[in-house]
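Me: Hello! Could you walk me through the terms for this structure and show how each label follows from its cut-off?

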Amino acid sequence: MPNLTSTSEFLLLEFSDIRELQILYFFVFLAVYLSAVTGNLLIIIAVALDHHLHTPMYFFLMNLALLDVGLVSIMVPKAMANSLLNTRSISYSGCVAQVFFYFLFGGSDFAILTIMAHDRYVAICNPLQYETIMRRGACIQMAASAWFTGTVFGILHSGGTFAITFCSNVINQFFCEVPQILKLSCSNMYLIEVGIIMFGCSLVLGCCIFIIVSYMQIFATVLRMPSVQGRKKALSTCLPHLTVVSLLLFTGFFAYARPPGNTYSELNIIYAMIYALLPPLLNPFIYSMRNKEIKTALLKLIDFGHFPQISSSRILLVKLG
């Protein structure tokens, strides 16, 4: 096979070669994208504007919503454009950017979810020390460390993936998915990226263990609470987070824990859409349905008159605690 290392573009998997279906896919992706972005932006604006939500938990939730907007924006607009313009191509630099930002937002996303588990643990199991431990400076440092971790992941994965020698430029996916790119390798250099993936998986496993242990202690504390109302209030702040973590892990497991071998292109698309699009799409609904404070803030957001007049510069500053 020819060495295509110097190729200037890759060819992505097309949804259909029938023009009418391509237009249909464009509108489907448009609806999904607008729903995901609108839902997460509403969460961000509601937290920024409502002073009742200026707490560490909602500060981290705002970061999570921002990351979800980025995550869904790195692949869906390009897929929409390709369907509308009847093309399959993506530039080499565009593919590198997709890989980098996917791991930046995805890695930061899971790091924020881990920090949120710690926040709930401190709030429920050690409430007297909550304001000391989860002070403003500490929360900013935690959020910054999550974004930094995602950035490092993005650099490592994009560098490891595109250091290999390619024997083809046809990616069997609708975006630049690393496992599909590695299949194009015609050298052993792909083992570098495999090693990076295994390292990343070990970190994710460590975060999962941390989250599980945190919630075991949270549930043990909640069960010892004498007040039924207190137990309900504590669980109401934990269940949305636990649901989001479970959704992210389940969709990732569903996508990658399948039998090895060649998979139909249609199934590849379905698997990718489930783990890449479902969490950013559903997260705002999960938090808004299970959290009364978010519900109230969103209702206030619809009725702008309920919000005090706040300058644009002040909107950008979210007071923690």
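Reply: Happy to. Accessible areas come from the Shrake-Rupley method with a 1.4 Å probe, and for residues only the protein chains shown count as cover. On that basis the protein chain exposes about 16200 Å², with 69% of it supplied by carbon and sulfur atoms. This is a predicted model, where local features need pLDDT of at least 70 and side-chain atom pairs count only at pLDDT 80 or more, while totals for chains, interfaces and linings use all residues. Residues are numbered from 1 along each chain as its sequence is written, and side-chain values use heavy atoms, leaving out hydrogens and water.

Me: Why is Gln 98 called buried?

Reply: Buried means under 20% relative accessible area, exposed over 50%, and partly exposed in between (1.4 Å probe, protein chains only). Gln 98 has a relative accessible area of 6%, so the label is buried. Of the 321 residues of the protein chain, 45% count as buried.

Me: What makes the link between Gln 98 and the backbone oxygen of Ile 74 a polar contact?

Reply: A polar contact is a pair of N or O atoms within 3.5 Å; within protein, one must be able to donate a hydrogen and the other to accept it, and residues adjacent in sequence count only if both atoms are side-chain atoms. A polar atom of the Gln 98 side chain lies 3.0 Å from the backbone oxygen of Ile 74, so the distance falls within the cut-off.

Me: How do you know that Cys 95 and Cys 176 form a disulfide?

Reply: A disulfide is a pair of cysteine sulfur atoms within 2.5 Å. The sulfur atoms of Cys 95 and Cys 176 are 2.0 Å apart, so the pair qualifies. Cys 95 lies in helix H4 and Cys 176 in the loop between helix H6 (136-161) and helix H7 (178-182), so the pair ties together parts that are 81 residues apart in sequence. Helices here are DSSP runs (H or I, at least four residues), numbered from the N terminus.

Me: Is the disulfide of Cys 95 and Cys 176 left-handed or right-handed?

Reply: The torsion about its S-S bond is about -130°, so the disulfide is left-handed. By contrast, the torsion for Cys 167 and Cys 186 is about 125°, so that disulfide is right-handed.

Me: Why is Cys 186 called partly exposed?

Reply: Cys 186 has a relative accessible area of 41%, which is between the two limits, so the label is partly exposed. Its partner Cys 167, at 10%, is buried.

Definitions and conventions
Helices (H or I, at least four residues) and strands (E, at least two) are DSSP runs, numbered from the N terminus.
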